[in-house]
Amino acid sequence: VNGTIPAAIGQLGELWALGLDDNELRGTIPEALYTHCTKLEVLLLYYNLLSGPISSAIGALTSLTELDLDSNWLSGPIPEELYAHCTDIEMLYLWGNKLSGTISPSIDMLTSLTDLQLNLNHGINGTIPDELYTHCTEIETLYLYGNRLSGTISPRIGVLALLTHLDLSDNALRGSIPEELYTQCGAIEELHLWGNALSGTISRSIGMLTELTDLALFDNELSGTIPEELYTRCAELVFLVLDNNTLTGTLSRGVGQLQWL
């Protein structure tokens with residue numbers, strides 16, 4: 001399907017789910033979709049050619065639980081109204097667009113979030129707000145890679161005890177990897193922090209991530225030795241990439257215990 005989404009879609013006021021994904025739709029998302037289809041719970045417009053900003057009128061969709069606008073040409077900031085009024089959202093996919101601006105502290109209103117993917121926008125900048133960690137405690141998947149985020153990874157990330165997939169790669173994050181990530185996020189299976197400016201050592205506490213299957217910390221400024229606990233306790237690892245750091249020491253025989261590598 002190609003062409004545009006007509007404003008007349010607003011006449012479908014009883015819609016609770018709309019899927020127009022994986023087409024060749026162009027132009028902007030009509031305002032009437034937000035202001036007249038207010039019963040929508042699921043809105044799927046991903047894999048199209050949609051452009052323009054995400055209108056502040058999206059705040060009228062107060063019943064939304066899943067919003068997927070990924071892989072389009074959408075631009076501008078994420079509207080505050082999305083955070084303030086769409087508070088039932090569980091899955092928010094805005095990746096692969098041209099969005100800009102910061103991640104607002106108002107994201108703390110989205111306390112039902114389980115899956116947040118804002119990756120590959122390249123214009124999203126600033127720091128990761130602490131409110132994301134302290135209030136969005138149901139998050140299992142957090143993908144923010146391929147943006148222009150800066151600052152440090154807050155120790156408060158440890159509050160996200162349900163995390164299974166974390167990817168903050170290809171940003172400008174600095175500082176050390178917080179101990180709380182290892183000690184309190186024990187469900188993590190995928191941990192990708194590559195392509196930043198992270199420093200310090202890889203803590204022995206990494207051995208507490210016993211569910212870990214994918215670990216990518218390459219292209220950082222990490223130093224010290226590779227802890228033995230990585231080999232002896234992270235037995236599920238199938239993907240391990242640590243190159244382009246300043247790690248020292250020898251390769252332990254313990255690596256032989258990673259039978260799935």
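This report describes the salt bridges and the parallel sheet of a predicted model.

## Basis of the description

The model is predicted, and local features are given where pLDDT is at least 70, side-chain atom pairs count only at pLDDT 80 or more, and totals for chains, interfaces and linings use all residues. Residues are numbered from 1 along each chain as its sequence is written, and side-chain values use heavy atoms, with hydrogens and water left out.

## The parallel sheet

Eleven strands form an open sheet with parallel pairing, in the order β1-β3-β5-β7-β9-β11-β13-β15-β17-β19-β21. Strands are DSSP runs of E with at least two residues, helices are runs of H or I with at least four residues, and both are numbered from the N terminus; two strands are said to pair if DSSP finds at least two bridges between them. The edges of the sheet are occupied by β1 and β21 (246-247), each of which has a single partner strand, so one side of each is left without a neighbour in the sheet.

At the β1 edge, three bridges join β1 to strand β3 (residues 24-27), the two running parallel, and N2 has E24 in β3 as its bridge partner. Strand β3 also pairs in the parallel sense with strand β5 (residues 49-53), over two bridges, and here G27 has L50 in β5 as its bridge partner. Further along the order, strand β7 (residues 73-76) and strand β9 (residues 98-102) are parallel and share two bridges, with S75 standing opposite K98 in β9. Strand β9 is in turn joined to strand β11 (residues 123-126) by three bridges in the parallel sense, where T102 is partnered by N125 in β11. Two bridges then connect β11 with β13, again in the parallel sense, and the bridge partner of G126 in β13 is L149. In a regular strand the side chains alternate between the two faces of the sheet.

## Salt bridges between distant parts of the chain

Three salt bridges are found in a search of the whole structure, a salt bridge being a side-chain nitrogen of Lys or Arg within 4 Å of a carboxyl oxygen of Asp or Glu. One of them joins E14 to K39, with the closest N and O atoms 2.7 Å apart. Because E14 lies in the loop between β1 (2-4) and β2 (17-19), and K39 in the loop between α1 (31-36) and β4 (42-44), the pair ties together parts that are 25 residues apart in sequence. Another links D130 with R156, the closest N and O atoms being 2.8 Å apart; D130 belongs to helix α3 (residues 130-135) and R156 to the loop between β13 (148-152) and β14 (165-167), 26 residues apart.

The remaining salt bridge is formed by R204 and E229, whose closest N and O atoms are 2.9 Å apart. Since R204 lies in the loop between β17 (197-201) and β18 (214-216) and E229 in helix α5 (residues 228-233), this pair ties together parts that are 25 residues apart in sequence.

## Exposure of the charged partners

In relative accessible area, buried means under 20%, exposed over 50%, and partly exposed in between, for a 1.4 Å probe and protein chains only. In the first pair described, E14 is exposed at 60%, whereas K39 is partly exposed at 41%. Both partners of the next pair are partly exposed, D130 at 24% and R156 at 45%. In the last pair, R204 is exposed at 60%, while E229 counts as buried at 16%.
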